[in-house]
Amino acid sequence: MLNTATKSEAPGTEQELTDGFHLVIDALKLNGINTIYNVPGIPITDLGRMAQAAGLRVISFRHEQNAGYAAGIAGYLTKKPGVCLTVSAPGFLNGLTALAHATTNCYPMILVSGSSEREIVDLQQGDYEEMDQLAIAKPLCKAAYRVLHAQDIGVGFARAIRAAVSGRPGGVYLDLPAKLFGQVMNAEAGQKSLVKVIDAAPAQIPSPASVKRALDVLKAAKRPLIILGKGAAYAQADEEIKNFVEKSGVPFLPMSMAKGLLPDTHPQCAGAARSTVLKDSDVVMLIGARLNWLLSHGKGKSWGESPKKFIQVDIEPREMDSNVEIVAPVVGDIGSVVSAFNQALASGWTAPPAEWTKAIASKRDENVAKMAPKLMNNKSPMDYHGALGVLKNVIKDHPEAILVNEGANTLDLARGVIDMYRPRKRLDVGTWGVMGIGMGQAIAAALETGHPVLAVEGDSAFGFSGMEVETICRYDLPICVVIFNNDGIYRGTDVNSVNADPATTVFVKGARYDKMMEAFGGVGVNATSPDELKRAVNEAMASRKPTLINAVIDPAAGSESGRIGNLNPQSVLQKKK
Ligand SMILES: CC(C)(COP(=O)(O)OP(=O)(O)OC[C@H]1O[C@@H](n2cnc3c(N)ncnc32)[C@H](O)[C@@H]1OP(=O)(O)O)[C@@H](O)C(=O)NCCC(=O)NCCSC=O
């Protein structure tokens with residue numbers, strides 16, 4: 001359907017016209033992009049209005065960073081680029097953190113920003129929100145483009161879409177100067193200039209030799225381990241991966257966002273025996289997981305004394321040997337690689353030695369048994385385990401729900417305690433351990449999947465995107481936010497003994513975040529015990545009403561720094577003493 005902007009008036013020469021606004025909308029629709037995450041303002045306010053009128057979902061946020069995090073995670077969940085639309089200069093800069101985050105995490109996302117006029121910007125004549133946005137975005141994303149002419153809008157979007165999803169996915173920047181939107185052209189020519197991207201992320205078939213090499217190394221292992229990363233979850237090759245893990249009989253360790261690819265309760269899951277499998281394994285196959293800081297770079301104390309051989313499956317050849325030698329690199333998309341593994345396995349495979357799998361099972365059972373009583377305590381105010389024990393059961397009863405999780409202690413403890421049962425149901429802070437993804441990711445998760453969302457947030461982490469509770473209420477989304485409120489960062493007990501200022505890590509004592517939700521018409525609950533928390537979350541899951549639960553946690557509970565104590569200056573100093 002032609003999106004006619006207007007008709008030319010000249011008698012006898014009447015023709016259908018279109019303009020930059022409509023061509024942008026048509027380019028998105030043609031490529032199956034139906035949702036825009038945006039914050040309105042100059043020069044893109046009308047673009048948002050017109051896109052909504054043309055049937056796109058345009059979700060307006062209170063801050064571009066949250067709209068950007070929403071777009072990034074939408075890309076992760078759907079394998080289509082999530083689109084974030086911002087105003088120029090400050091709005092663009094607010095969106096950049098999320099663009100860089102998407103690139104780092106390999107989420108396909110396009111940041112589309114309006115910008116001021118090239119002629120004035122280049123001569124630095126002081127335009128409204130003047131900034132060379134293209135130059136600033138370039139180092140933070142996979143690709144950056146600017147469209148100057150309406151007839152190039154189709155190509156501009158085609159390039160952005162392909163760059164975002166092909167190979168290793170990531171963030172792309174698309175710069176649209178204000179003048180572009182008003183440029184008028186013949187509607188038929190405009191439609192012809194649009195590009196439907198065919199096969200945007202082509203399968204990358206691994207070489208048979210690399211597949212054989214990898215399986216030969218895995219087969220020869222006495223203590224093999226598979227590590228699943230969020231790249232494996234992104235691939236949406238869930239059945240193939242499950243078949244491979246089960247047919248091979250190799251224990252698997254899910255990275256945080258790969259939890260649920262196979263259930264955490266699966267007999268081969270080594271999540272609760274993490275230290276043991278890292279230390280004692282002799283061959284490690286990484287599938288869509290990188291040997292970065294989250295895996296201690298593949299070396300050092302966490303990996304123990306026993307020599308290791310690494311096999312790595314990744315779509316990006318340059319990922320290989322990034323930290324240690326990869327003896328069997330397999331370059332390809334994860335679906336194609338794992339399917340090739342499965343074909344090879346069909347002609348015969350011997351399961352790993354029982355001694356190894358039994359040792360892991362026994363360590364896992366020991367850790368689980370150690371944790372179990374802690375999860376059942378009914379203390380008031382709550383400690384982390386008492387509160388998380390409740391939420392663990394909520395996800396067990398609602399495996400379709402999406403868990404969003406950020407914080408320090410709240411993140412680290414929830415990761416271990418809350419079992420996941422289905423793929424791509426756990427969305428957290430990702431590669432950077434960033435604070436602030438909470439409400440943006442929760443909103444996109446609810447919108448993109450239609451499933452209820454449980455956002456488990458540290459009080460500090462929530463603060464970065466807290467204003468979006470208004471957005472949650474405005475769109476009436478089935479999101480239940482649980483804030484672990486311990487009055488501060490890490491803990492709420494620090495004291496400044498020098499002057500009257502509060503200590504740097506403490507917040508207002510006894511704050512009532514639930515009142516924020518009530519201010520916008522949502523349900524607010526103050527929960528001081530696990531029983532109260534359980535009642536409130538179950539009610540939120542059943543009603544699907546926007547809900548915020550202020551879960552009162554003992555300010556003294558938890559550790560100072562979560563699991564990243566060695567990155568915390570104070571604990572480094574303490575260690576040095
Ligand atoms: C890199 C890490 C995965 C490594 O963490 P680790 O503590 O080594 O491992 P975890 O997986 O968290 O597991 C901790 C321990 O719990 C055990 N474990 C795991 N699951 C379970 C269950 N279900 N039951 C019992 N025990 C369990 C696991 O085997 C480990 O014990 P053992 O096997 O006995 O060791 C983590 O530090 C991480 O993701 N960090 C990111 C933090 C972050 O991004 N923070 C940002 C915000 S901070 C801003 O200030």
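Author: Quick note before we start: domain bounds here come from an automatic or database domain assignment. And this is a predicted model.

Reader: Which domains does the assignment give, and where does domain 3 run?

Author: The assignment splits the protein into three pieces, starting with domain 1 at 17-193. Next comes domain 2 at 208-361, and domain 3 covers 377-552.

Reader: How far apart are the C-alpha centres of domain 1 and domain 2?

Author: Domain 1 and domain 2 do touch, with 14 residues from domain 1 and eleven residues from domain 2 in the contact. Their C-alpha centres sit apart by 37 Å.

Reader: How much area do domain 1 and domain 2 bury between them?

Author: On the domain 1 side, Y76, K79 and R168 lose the most area to domain 2, together 62% of what that side buries. Carbon and sulfur atoms carry 50% of the area buried between the two domains, and the whole comes to about 1,000 Å².

Reader: Which residue does R168 form a salt bridge with?

Author: Two salt bridges are counted between domain 1 and domain 2. A salt bridge needs the side-chain nitrogen within 4 Å of a carboxyl oxygen. For R168 the closest N and O atoms are 3.1 Å apart, so the pair passes that cut-off, and the partner is E319.

Reader: Which helix gives the most to the side of domain 1 that touches domain 2?

Author: Helix 3 (64-78) and helix 4 (89-105) each supply at least two residues of that side. With five residues, the top contributor is helix 3.

Definitions and conventions. Residues are numbered from 1 along each chain as its sequence is written. This is a predicted model: local features need pLDDT of at least 70, side-chain atom pairs count only at pLDDT 80 or more; totals for chains, interfaces and linings use all residues. Side-chain values use heavy atoms; hydrogens and water are left out. Contact means heavy atoms within 4.5 Å. Buried area is the accessible area (1.4 Å probe) that two parts lose on being put together, summed over both. Helices (H or I, at least four residues) and strands (E, at least two) are DSSP runs, numbered from the N terminus.
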